[in-house]
Amino acid sequence: MSLRDAAAAVRLNAHAPYSNFQVGAAIRAASGTVYLGCNVENVAYPEGTCAEAGAIAAMVAAGETRLSEVYVIAGSPMPVTPCGGCRQKLAEFGSGDVPVTMGTTVSDTEIHMTLAELLPGAFTNDHMTGS
Ligand code: THU
């Protein structure tokens, strides 16, 4: 199954009764294994979690910490882009050249970017070195 199809499938499990905006994320880790996540909202709105965060949690829980490819999909007219927090979360586990594809279930339109393009000037461990 393609990364896109995997992300589209897990998106259907999203718990998004407040925004009615379901998102799916599929992450291919360094081993080649694909980890999936969907957004999980909560009646206490700030407690909700994004699809990317779920996929990252699944990857780390399985014992992997390096991602090689990411696909995020929603049902919006334009492909969904990861929120700022998720860009930082993804950058924790992937190098700047990791490809991130953003898609939509309503058309074949895709946006292709890298982690570095999504999060220029990312805060990294290097910034704390020597402090
Ligand atoms: N959302 C994600 O899961 N990932 C994104 O990349 C953008 C936004 C979710 C959060 C919330 O449940 C809903 O989409 C509306 O913001």
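These numbered points are a short tour of a predicted model.

1. **Strand β1.** Start with β1, residues 23-29. Of its 7 residues, 6 are buried, so the strand is largely enclosed by the rest of the structure. Two strands pair with β1, namely β3 and β2.

2. **β1 with β3.** β3 covers residues 67-74. It runs antiparallel to β1, and 7 bridges hold the pairing. To find the register, look at R28, whose bridge partner in β3 is E69.

3. **β1 with β2.** β2 spans residues 34-38. The pairing of β1 and β2 is antiparallel too, with 5 bridges. Here I27 is a useful marker: its bridge partner in β2 is Y35. The two strands make a hairpin, and 4 residues separate them. One residue in that turn, G32, has a positive phi of about 105°.

4. **Helix α2.** This helix covers residues 51-61. Its buried residues are A51, E52, A53, A55, I56 and M59. Which elements cover them? Among them are β1, β2, β3 and α3. Just after the helix comes G63, with a positive phi of about 100°.

5. **Helix α3.** Residues 84-93 form α3, and C86, R87, L90 and F93 are its buried residues. Viewed down the helix axis, these residues fall within an arc of 130°, so they line one face of α3. G84 and E92, on the other side, are exposed. What does the buried face pack against? The partners are β1, α2, β3 and α4, the last being residues 115-118.

6. **Ligand surroundings.** Which residues surround the ligand? They are S19, F21, V23, N39, E41, C50, A51, E52, V80, T81, P82 and C83. Two of these names have come up already: A51 and E52 are among the buried residues of α2.

7. **Polar approaches to the ligand.** Three residues deserve a look here. In the side chain of E41, an N or O atom lies 2.6 Å from an oxygen atom of the ligand. For E52, a side-chain N or O atom is likewise 2.6 Å from a ligand oxygen. A51 takes part through its backbone: a polar atom there is 2.9 Å from an oxygen atom of the ligand. On its own, the ligand has 370 Å² of accessible area, and the protein covers 76% of that.

8. **N20.** This residue sits in the loop between α1, residues 3-11, and β1. Is N20 buried or exposed? Its relative accessible area is 65%, so N20 counts as exposed. Its backbone merits a check as well. Phi is near 55°, a positive value in a residue other than glycine. Most residues other than glycine have a negative phi.

9. **V43.** The loop between β2 and α2 contains V43. Its relative accessibility is 62%; the threshold for exposed is over 50%, so V43 counts as exposed. How far is V43 from A16 in sequence and in space? They are 27 residues apart in sequence, and their C-alpha atoms are 10.0 Å apart.

10. **Where to look again.** For a second pass, take three places. See the hairpin of β1 and β2, with G32 in its turn. Then see α3, with its buried residues C86, R87, L90 and F93 and its exposed G84 and E92. End at the ligand, where the side chains of E41 and E52 each bring an N or O atom to 2.6 Å from a ligand oxygen.

Technical notes
Residues numbered from 1 in each chain as written. Predicted model: local features only at pLDDT ≥ 70, side-chain atom pairs only at ≥ 80, totals over all residues. Heavy atoms only, no water. Buried < 20%, exposed > 50% of the residue type's maximum accessible area, 1.4 Å probe, protein only. Arc of directions from axis to C-beta. Contact = heavy atoms within 4.5 Å. Pairing = 2+ DSSP bridges. Near = heavy atom within 4 Å. Polar contact = N/O pair within 3.5 Å; in protein donor to acceptor, adjacent residues only side chain to side chain. Areas by Shrake-Rupley, 256 points an atom, 1.4 Å probe, with all protein chains shown as cover.
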